[in-house]
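Here are some short exercises on reading a protein model. Try each task yourself before you look at the solution.

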Amino acid sequence: MDPAPRLASTQVALQRRAALDGVGFWAAFEGYVREDIEAGRLVSLLEDWLPAFPGPSLYYPSRRHVPAPLRAFIDFIQAERGRGT
């Protein structure tokens, strides 16, 4: 079975609104839908088949002096992971 999509979008806010409005299924990261599921606005399907996702990985060239913006981003991500978010 290969149904034609009713909506195709790269905008998370539009995808969420469509799912809340009952347009169809939405494959999303748990962090995007946690509050909606807890509030009963959305229902999670196929729970047994959901793969674990520890988060994205960042690959960057190892240099002695990492550019300040990249260093700030790396530090932010490490702090967020440490908080368990």
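**Exercise 1. Decide whether Tyr32 is buried, partly exposed or exposed.**

Solution. Keep in mind that this model is predicted.
- Step 1: the relative accessible area of Tyr32 is 44%.
- Step 2: buried means under 20% and exposed means over 50%.
- Step 3: Tyr32 therefore counts as partly exposed.

**Exercise 2. Find the aromatic pair in the structure and classify its geometry.**

Solution.
- Step 1: a search for such contacts gives one aromatic pair.
- Step 2: its partners are Phe29 and Tyr32, with 5.8 Å from centre to centre and 70° between the planes.
- Step 3: planes over 60 degrees apart count as edge-to-face, and that is the label for Phe29 and Tyr32.
- Step 4: look at the surroundings of Phe29 too: with a relative accessible area of 46%, Phe29 is partly exposed.

**Exercise 3. Work out which residues are joined into one network by salt bridges that share partners.**

Solution. Side chains of opposite charge can pair when their charged atoms come close.
- Step 1: the whole structure has five salt bridges.
- Step 2: one of them joins Asp36 and Arg16, at 2.8 Å from N to O. This pair links distant parts of the chain, since Asp36 sits in helix α2 and Arg16 in helix α1 (residues 12–20), 20 residues apart.
- Step 3: Asp36 also forms a salt bridge with Arg41, where the closest N and O atoms are 2.7 Å apart.
- Step 4: the shared partners put Arg16, Asp36 and Arg41 into one network.
- Step 5: compare the accessibilities. Asp36 is buried at 2%, while Arg16 is partly exposed at 30% and Arg41 is partly exposed at 46%.

**Exercise 4. Explain how far apart Glu30 and Arg34 are in helix α2, in helical turns.**

Solution.
- Step 1: Glu30 and Arg34 form a salt bridge, with the closest N and O atoms 2.9 Å apart.
- Step 2: they are four residues apart in helix α2, so about one helical turn separates them.
- Step 3: Glu30 is partly exposed at 46%, and Arg34 is partly exposed at 39%.

**Exercise 5. Describe the largest pocket and its lining.**

Solution.
- Step 1: the largest pocket holds about 1,400 Å³ of space.
- Step 2: it is lined by 38 residues, and those closest to its centre are Ala28, Phe29, Glu30, Gly31 and Tyr32.
- Step 3: α3 gives the most to this lining, with seven residues.
- Step 4: by class, the lining of the largest pocket has 25 nonpolar, seven polar and six charged residues.

How values were computed
Residues numbered from 1 in each chain as written. Predicted model: local features only at pLDDT ≥ 70, side-chain atom pairs only at ≥ 80, totals over all residues. Heavy atoms only, no water. 1 Å grid on protein atoms, 1.4 Å probe; cavity = no way out; pocket = protein on both sides within 12 Å on 5 of 7 lines; lining within 4 Å. Points joined across faces, edges and corners; volume = space filled by probe spheres on them. Helix = DSSP H or I, 4+ residues; strand = E, 2+ residues; numbered from the N terminus. Nonpolar A, V, L, I, M, F, W, Y, C, P; charged D, E, K, R; others polar. Phe/Tyr/Trp six-rings, centres within 6.5 Å; stacked < 30°, edge-to-face > 60°. Buried < 20%, exposed > 50% of the residue type's maximum accessible area, 1.4 Å probe, protein only. Salt bridge = Lys/Arg side-chain N within 4 Å of Asp/Glu carboxyl O.
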